[in-house]
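Here are my notes on this one, in the order I'd go through them with the model open. Have a look first, and then we can compare.

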Amino acid sequence: MTPRWRRRDLDPEVHTLIGAYALDALDADDRRAVDHHLDSCPTCRAELDELRATATRLADPTEAAPPAALRDRVLGQAARTAQQPPAADTTSGRTSRRWGVRVAAVAAALAVLAGAVGVTHAVDRSAQSGRTGAAVQAERDRLSGVLSAPDARVVAARLPGGGQANMVLSDARDEGVATVTGLRALPGGHTYQLWLMSGGAARSVGVLDVGQDRDTVLVHGVRRAGQFGISTEPAGGSRTPSNVWASMDL
Amino acid sequence: MRDSRPLPRRSPRSDGGDPLGALLVATARGDERAFGELYDQVAGRVYGLALRVVRDPAQAEEVAQEALVEAWRSAARYDPARGTAATWILTLTHRRAVDRVRSAQARTDREHRAGAGEPVAYDDVTDQVAVRLEHQQVRRCLGRLTELQRESVRLAYYGGRTYREVARLLDAPVPTVKARIRDALIRLRDCLEVGR
């Protein structure tokens, strides 16, 4: 035991402080004690990584739109700020290179989905319908898979009235991620429904709630689909599109 | 009761399943465009977290800017084997936000605004956000904690308090709070199925 620990009433079981450490709930002395312990305890570092990932999830409900001017300030300051070299003992080189080849495709895909719409919107409804966390996570993984697919391509269209529809497609995966934003509220309890269409057939891929102005859906069977369509429907949606309001070729 | 059993190791993802990670890796190579896209993906969470902790828009903006520029500066230090890019960036952010509220001046301002030690209703967090999966899951999982666990986590993470301060605010023994925080995170981890 080091003198530093004895000075305070710190429990010699430093390990139990890892939870508080993951929440940044330690003062400087406790923090040094844990850092010291972590240096010689790979198991503790592994636990810390997991608990930190957990703690980060607590940030999810706090998401808020930053002031628009912040973007220019951050990018401007970054452009004037020199970057640190990689740590000498990094073990991530192999992973980094593997990711490197995918960056262009991912960047192209994400550029389209950037902004207010998060990928996670797509699974809101599945969460609401009581599916398990594992199923929801699987869907998130599929979303990520489409966005990072080497063959990912983007189709985008402006919607009447100022909204936007985007789809990232992977023909290899036969899946796509469609995003619609900026939809105007419809009168009379009507709503929007999303479709994959080919020839005369249309398959529903999502119904928005009345008043919902944006959505992201994971769709499969994109290879056979000729168009992505948005129709206006009575609340709850319809079996076939009543009125295709906008569509784009895939 | 001693509670230092090791937790089962679940490897964080280190493959291409973390699109933000790819942007962060590109950022580490000085790719300003990738950094711009990274900004677009995380700025809402960075700013929102900073705002939740420092409770002042101007200070939250400063904290967010510091954290994001730090992410640019030290992107090469990000190790995908230890967690996702979002976790890495939000950890930077949280640390800075906590440092900010613990500085004496900020604390005075903040307590003036928020009321000293006054717990903040979880609802006023949830009201701010769009309906989304994490929101519902986090709320549901927080609801499964004991009162002491939940309050401890809330005061520590959202309030920027040390566990000793949490113990004082909740009038609970320090070792108990310390243990409850760890128990709570383990329960949350299992409930949220974190650790991939």
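1. Let's start with a spot check: which residue in E5(A) does A:Leu194 stand opposite? That would be A:Gly206. Bear in mind throughout that we're looking at a predicted model.

2. On its other pairing, A:Leu194 has A:Ile230 as its bridge partner in E7(A). So much for the single residue; now the strand as a whole. Strand E4 (residues 190-198) of chain A pairs with strand E7 (residues 227-234) over eight bridges, and with strand E5 (residues 201-207) over six. Both pairings are antiparallel.

3. While you're there, check the turn. E4(A) and E5(A) make a hairpin, with two residues between the strands. One to click on is A:Gly199 in that turn, where phi is positive, at about 55°. As for cover, E4(A) is mostly tucked away: seven of its nine residues are buried.

4. Next, the open sheet in chain A. Four strands make it up, in the order E1-E2-E3-E6, with antiparallel pairing. Its edges are strand E1 (153-158) and strand E6 (215-220), each of which pairs on one side only. From one strand to the next, the twist averages 15°.

5. Within that sheet, I'd look at the E3-E6 pair. Strand E3 (residues 175-181) of chain A is joined to E6(A) by six bridges, and the two run antiparallel. For a landmark, find A:Ala178, which stands opposite A:Val217 in E6(A).

6. Now confidence, chain A. Mean pLDDT is 76, with 76% of the residues at 70 or more. Among the chain's elements, helix H5 (residues 69-79) has the highest mean, 96, and helix H6 (residues 93-100) the lowest, 34. Two stretches to flag are residues 1-11, where pLDDT is below 50 and the model has 22 contacts beyond near neighbours in sequence, and residues 114-128, also below 50, with 48 such contacts.

7. Chain B has a mean pLDDT of 80, and 74% of its residues get to 70 or more. Confidence there peaks in helix H3 (residues 57-73), at a mean of 96, and is lowest in helix H6 (residues 123-126), at 33. Residues 1-15 of chain B are below 50, with 42 contacts beyond near neighbours in sequence. Residues 114-133 of chain B are below 50 too, with 47 such contacts.

8. Last, the complex scores: the predictor gives an ipTM of 0.79 and a pTM of 0.56.

Note on methods. Residues numbered from 1 in each chain as written. Chains lettered and ligands numbered in written order. Predicted model: local features only at pLDDT ≥ 70, side-chain atom pairs only at ≥ 80, totals over all residues. Heavy atoms only, no water. Pairing = 2+ DSSP bridges. Axes fitted to C-alpha atoms, helices over the stretch in contact; angles between N-to-C directions. pLDDT = per-residue confidence, 0-100. Contact = heavy atoms within 4.5 Å. Buried < 20%, exposed > 50% of the residue type's maximum accessible area, 1.4 Å probe, protein only.
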